[in-house]
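Ready to practise reading a protein model? Keep the sequence and the 3D view open while you work, and try each task before you look at its solution.

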Amino acid sequence: MYYFTADEHYGHEKILDYCKRPFTNICEMDSELIKRHNSVVSDEDIVVHAGDFALCKTREEVEEKYISKLNGVHIFLQGSHDYWLGGKKSPPTIWMQQIDKTLIVVCHYAMRLAALTLRKLAPFRTLARPT
């Protein structure tokens with residue numbers, strides 16, 4: 001089974017205020033996110049994290065605090081806060097996989113892609129300006 005998620009923001013204290021998350025502190029939020037994740041995801045499931053997984057400096061820190069506690073096989077895409085994904089090569093920003101004859105494309109950032117099966121991209125809608 002595949003699962004897709006984004007913007008967990010583990011360890012990001014300010015996200016509580018920015019997004020009005022209903023937790024009293026970051027430890028409570030992190031603990032609850034891990035609990036909810038593990039209630040759904042098994043060790044054999046594949047989880048694609050589409051950016052902003054954790055606000056940490058090193059992979060070791062993220063591994064110890066979060067990844068080691070989460071069920072599943074994890075694929076991480078670069079988000080705007082994923083400094084820990086850095087290293088010798090750039091981390092992936094996009095993930096594509098055909099699943100049951102459907103092409104799945106995952107990215108943290110908004111993008112506009114042509115539907116490969118249609119070979120046609122609809123034009124942007126023009127937004128009406130106030131008069």
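The exercises below go from the whole chain to single residues of this predicted model.

**Exercise 1. The overall plan**

Task: Find how many helices and strands the protein has, and in what order the elements run.

Solution:
- Step 1. Begin with the count: the secondary structure comes to 3 helices and 5 strands.
- Step 2. Now walk along the chain from the N terminus, and you meet the elements in the order β-α-α-β-α-β-β-β.
- Step 3. Add the surface: about 9,400 Å² is accessible, and 56% of that belongs to carbon and sulfur atoms.
- Step 4. Turn to the inside: of the 131 residues, 34% count as buried.
- Step 5. Look at contacts between residues at least 6 apart in sequence: 58% of them join residues at least 24 apart.

**Exercise 2. A helix and its cover**

Task: Describe helix α2 by its span, its N-terminal end and its buried residues.

Solution:
- Step 1. Helix α2 covers residues 26–40, which makes 15 residues.
- Step 2. From the first C-alpha to the last, α2 reaches 22 Å, close to the 21 Å expected at 1.5 Å a residue.
- Step 3. At the N-terminal end, Asn25 acts as a cap: one of its side-chain oxygens lies 3.1 Å from the backbone nitrogen of Cys27.
- Step 4. The buried residues in α2 are Ile26, Met29, Asp30, Glu32, Ile34 and His37.
- Step 5. The cover over those buried residues includes α1 (15–18), β2 (46–49), α3 (59–65) and β3 (73–76).

**Exercise 3. Strands side by side**

Task: Work out in which sense β2 pairs with β1 and with β3, parallel or antiparallel.

Solution:
- Step 1. Strand β1 (residues 2–5) pairs with β2 in the parallel sense, over 4 bridges.
- Step 2. The pairing of β2 with β3 is also parallel and has 4 bridges.
- Step 3. Follow Val47 in β2: Tyr3 stands opposite Val47, and in β3 the bridge partner of Val47 is His74.
- Step 4. Check another pair: Ile46 has Val73 as its bridge partner in β3.
- Step 5. Now see where the side chains of β3 point. His74 and Phe76 face one way and are buried, while Val73 and Ile75 face the other way and are not.

**Exercise 4. Positive phi**

Task: Say where Lys20 and Lys101 lie, and whether each is buried or exposed.

Solution:
- Step 1. Recall the background: most residues other than glycine have a negative phi.
- Step 2. Lys20 has a positive phi, near 55°, and lies in the loop between α1 and α2.
- Step 3. Lys20 counts as exposed because its relative accessibility is 69%, and the cut-off for exposed is over 50%.
- Step 4. Lys101 has a positive phi too, of about 65°. Its place is the loop between β4 (94–99) and β5 (102–107).
- Step 5. With a relative accessible area of 78%, Lys101 is exposed.

**Exercise 5. Two loop residues**

Task: Find which backbone oxygen lies by the side chain of Gln78 and which by that of Ser68, and why the one residue counts as buried and the other as partly exposed.

Solution:
- Step 1. Gln78 sits in the loop between β3 and β4.
- Step 2. Gln78 is buried because its relative accessible area is 17%, and buried means under 20%.
- Step 3. A polar atom of the Gln78 side chain lies 3.3 Å from the backbone oxygen of Asp82.
- Step 4. Leaving aside neighbours within four places in sequence, Gln78 is in contact with Gly51, Leu85, Pro91, Pro92, Thr93, His108 and Tyr109.
- Step 5. Ser68 belongs to the loop between α3 and β3. Its relative accessibility is 49%, so Ser68 counts as partly exposed.
- Step 6. The side chain of Ser68 has a polar atom 3.0 Å from the backbone oxygen of Glu64.

**Exercise 6. Cysteines**

Task: Find how many disulfides the structure holds.

Solution:
- Step 1. Recall that a disulfide is a covalent bond between the sulfur atoms of two cysteines.
- Step 2. The structure holds 0 disulfides.
- Step 3. Cys19 counts as partly exposed, at 46% relative accessibility.
- Step 4. Cys107 also counts as partly exposed, at 22%.

Technical notes:
Residues numbered from 1 in each chain as written. Predicted model: local features only at pLDDT ≥ 70, side-chain atom pairs only at ≥ 80, totals over all residues. Heavy atoms only, no water. Helix = DSSP H or I, 4+ residues; strand = E, 2+ residues; numbered from the N terminus. Expected span 1.5 Å × (residues − 1). Buried < 20%, exposed > 50% of the residue type's maximum accessible area, 1.4 Å probe, protein only. Contact = heavy atoms within 4.5 Å. Polar contact = N/O pair within 3.5 Å; in protein donor to acceptor, adjacent residues only side chain to side chain. Areas by Shrake-Rupley, 256 points an atom, 1.4 Å probe, with all protein chains shown as cover. Disulfide = S-S within 2.5 Å. Pairing = 2+ DSSP bridges.
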